[in-house]
Amino acid sequence: MSEPTDRRYGPAPLPQPRGPVSAAVLDALRQPAQDLPAGLGARLDPAEPLTDEDLQLTLFLCYELHYRGWRGVDEDWEWQPSLLALRAYAERHFEAAVRRLVGPLPAVLPGGVPEALADLVAAADGPSLATQLQRRATLAQFREFVTHRSIYHLREADPHSWALPRLGGPAKAALVEIQTDEYGNGRLDRMHAELFRATMQQLGLDTGYAAHLDAVPAVTLATNNLMSLFGLHRRLRGALLGHLAAYEMTSSLPNRRYGNGLRRLGFGEAATRFYDEHVEADAVHEQIAAHDLCGGLVRVEPALAPDVLFGAAAALAVDRLFAAHLLQRWAAERSSLRGSAAPPRVTLRERPQNRVPSPLSAVA
Ligand SMILES: [Fe+2]
């Protein structure tokens with residue numbers, strides 16, 4: 001079997017199928033790259049693309065070929081034409097659903113983009129997952145939250161790096177400044193992905209790359225697939241920067257709450273460092289993202305102003321769906337992870353001096 005380093009950094013093993021199309025793709029990926037069976041795309045007809053397990057896993061399977069790949073899978077699948085055609089079919093459903101979810105956005109002149117982003121963020125009034133985690137979540141629920149987020153945080157910043165070769169001038173400089181922090185200024189132990197791995201270790205969770213993929217539902221995959229959709233299509237570069245701006249502009253306060261939630265549960269600095277780091281860093285990144293990154297982009301490419309707003313609104317809207325899923329499941333005293341998947345493995349060597357997790361309080 002693979003060495004531990006493989007498990008930390010990927011590629012991950014192929015996950016379990018979630019429907020006929022992802023099953024067919026998984027069967028194909030176990031073979032040398034070749035044409036997929038005909039008619040697969042037509043079998044994707046989701047009523048709710050953002051929460052459709054088969055569609056979201058199919059997209060994730062296709063996209064991951066551009067990140068770390070899949071363990072034991074022929075690397076030529078990355079550019080296999082019939083797989084790309086299936087991905088495009090799935091993306092049409094996905095992007096249309098995101099645009100429906102976001103709805104119409106106010107017209108904006110390029111010079112007004114930073115203020116319009118600030119207005120969008122201020123108007124985002126979704127359920128407060130961060131407040132729940134700060135004040136009431138049990139240790140098991142916090143572990144679930146970290147399990148969901150591990151799909152992104154163990155490759156934190158990677159999707160937005162796809163913008164780098166597509167930009168020049170002030171927006172590129174701003175993106176480099178943000179990403180430099182995300183990647184720990186070139187120090188492995190300061191990389192945000194590694195800080196998150198330390199949080200997972202403290203919580204007794206498997207820190208293998210995408211180790212919890214089978215446990216997370218479609219809505220969690222959708223938050224990741226959205227970044228990949230924006231990142232892999234040059235036409236959506238404005239949306240990609242808007243997405244990053246929304247993340248940076250809504251990060252500081254929730255991360256303070258996440259850290260406080262872990263402290264309430266008895267965890268120390270090793271567990272909270274990832275969140276504490278973001279409280280400070282993202283207060284700075286917020287300004288860079290709105291003014292230098294997105295403002296800089298639309299000064300050079302004014303026609304992209306609506307795309308920037310769409311990307312930010314999409315990030316906020318899909319994250320609202322994610323938060324609502326967790327809060328609704330917890331309010332019903334159910335797990336937010338997939339029912340058939342085993343719960344995250346607990347391997348705490350030493351228990352923190354945490355309180356006994358309190359019974360779940362109703363979510364306001
Ligand atoms: Fe980060």
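1. A good place to start is helix α11, which gives the most to the lining of the largest cavity, with four residues. Please keep in mind as you read on that this is a predicted model.

2. The full lining of that largest cavity consists of H148, R149, Y152, T220, T223, N224, M227 and Y247. Two elements, α7 (139-153) and α11 (218-232), each give two or more residues to it. By character, the lining residues divide into three nonpolar, four polar and one charged.

3. How many cavities of 30 Å³ or more does a search of the whole structure find? The search finds one, and the volume of the largest cavity is about 50 Å³.

4. Now to the metal. The iron ion has these protein donors: E156 (OE), E182 (OE), H192 (ND1) and H278 (NE2), and they lie 1.8 to 2.1 Å from the ion. If you want to find these donor residues along the sequence, look for the spacing E-x25-E-x9-H-x85-H.

5. Two of those donors are worth a look as a pair. E182 sits in helix α9 (residues 169-182) and H278 in helix α14 (residues 269-300), so the pair links distant parts of the chain, 96 residues apart. Are these two residues buried or exposed? Both E182 and H278 are buried.

6. Why is the arrangement around the iron ion irregular? The four donor atoms subtend angles of 84 to 169°, whereas a tetrahedral label would need all angles to lie between 85 and 135 degrees. For reference, the ideal angle for four tetrahedral donors is 109.5 degrees.

Technical notes
Residues numbered from 1 in each chain as written. Predicted model: local features only at pLDDT ≥ 70, side-chain atom pairs only at ≥ 80, totals over all residues. Heavy atoms only, no water. 1 Å grid on protein atoms, 1.4 Å probe; cavity = no way out; pocket = protein on both sides within 12 Å on 5 of 7 lines; lining within 4 Å. Points joined across faces, edges and corners; volume = space filled by probe spheres on them. Nonpolar A, V, L, I, M, F, W, Y, C, P; charged D, E, K, R; others polar. Donors = N, O, S within 2.8 Å, 3.2 Å for Na, K, Ca; no water. Tetrahedral: all angles 85-135°; square planar, octahedral: opposite > 155°, others 65-115°. Buried < 20%, exposed > 50% of the residue type's maximum accessible area, 1.4 Å probe, protein only.
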